[in-house]
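Dear colleague,

Please find below the structure that I am handing over to you, together with its sequence. My findings follow directly after it.

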Amino acid sequence: MIEQARNFLWLNARTLEQRWFEHAFAGGSAEHVVSAVLAYRNDDGGYGYGLEPDHRGPTSQPLHALRALQVFVEVNAPEQAESILRWLTDTCPDGSVPFGMSTSKDHPKAPWVAADDQGGLLLTAQIAAALHALGTTHPWLDKATDYCWQEIEKLEQTHPYELRAAAMFLDEVPDRARAELAAEKLKHLQPSTEGYADGEALEPHTYAQKPTSLACGWFTEKELAEDLDELERGQQEDGGWNFGFPAFTPIVDFEWRSIATVDALLTLRRYGRIS
């Protein structure tokens, strides 16, 4: 499984995902992964240039900041959060992060990527989760955390990606008792998939990303086991995994497949399916 994935990544992945795979499965240097991410950093402290494949162009955008932080979590590089926090403080001072900023309106992006500067739970929760996972303390993160609590506790209707974002936040936020209560409430929500592409859905492991995730309580042991079985079977003949949403331009197909491949391997390892 890992060797086939390795071959897929050598053939198709960006340097970043190749370095990430090496760090995760071949003893590669965390510094090399960080260096690959820093190639996407702008002078304002944010990130651009398609670091997150669905948002092209040079301008610093929340999706790129999120992707950078998530990689920094994987390689334990908390010091790299500083520039992103500076950028977030300047661009999202109230602690609420938009899915996309109007500075990207003249650059290509997937049709589902907004550029309206409208803050929301979807990006704020994921960014806050990554910053908490890095052990960050910062006034901006305090604001973002308060915003996430406010939005999660009044959540009555949602969609799968927002629900996943909330689950990620609850897994990392320091107030564990409050997180457990919120997770129990979210367990009973039925996310709407209206407007999604055919076959686009999120599986149990995308909510419960590790065995300690609070979202594990949203599923039976059998449901989780069957989902992980399906994830194992998802490796394609070329060694890579697919992703569950449309590719809006050809280049992102292999970019997203490379990310999905490393993610799948890491999930299977967290759950003890591979060593």
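The secondary structure of the protein chain consists of 12 helices and 2 strands. Please bear in mind that this is a predicted model. In sequence order, the elements of the protein chain run α-α-α-α-α-β-β-α-α-α-α-α-α-α.

As to overall dimensions, the protein chain has a radius of gyration of 18 Å, which agrees with the value near 19 Å for a compact globule of 275 residues. Along the principal axes, its C-alpha atoms occupy a box of roughly 45 × 45 × 35 Å. Of the 275 residues in the protein chain, 52% are buried. Among contacts with a separation of 6 or more, 65% are between residues 24 or more positions apart.

Turning to the surface and the charges, the exposed area of the protein chain is about 12800 Å², of which carbon and sulfur atoms supply 48%. The protein chain carries 43 negative and 23 positive side chains, and the centres of these two sets are 2 Å apart.

One residue was examined individually. Ile127 belongs to helix H6, which spans residues 121-133. Because its relative accessible area is 0%, and the cut-off for buried is under 20%, Ile127 counts as buried. Leaving aside residues up to four places away in sequence, Ile127 touches Pro62, Leu66, Leu69, Leu88, Val97 and Trp140. Glu200 lies 73 residues from Ile127 along the chain, and the C-alpha atoms of the two are separated by 23 Å.

Yours sincerely

Methods. Residues are numbered from 1 along each chain as its sequence is written. This is a predicted model: local features need pLDDT of at least 70, side-chain atom pairs count only at pLDDT 80 or more; totals for chains, interfaces and linings use all residues. Side-chain values use heavy atoms; hydrogens and water are left out. Helices (H or I, at least four residues) and strands (E, at least two) are DSSP runs, numbered from the N terminus. The radius of gyration is taken over C-alpha atoms; the globule rule is 2.2 Å times the number of residues to the power 0.38. Buried means under 20% relative accessible area, exposed over 50%, partly exposed in between (1.4 Å probe, protein chains only). Contact means heavy atoms within 4.5 Å. Accessible areas come from the Shrake-Rupley method with a 1.4 Å probe; for residues, only the protein chains shown count as cover. Lys and Arg count as positive and Asp and Glu as negative; His and the chain ends are not counted. The place of a charge is taken as NZ of Lys, CZ of Arg, CG of Asp or CD of Glu.
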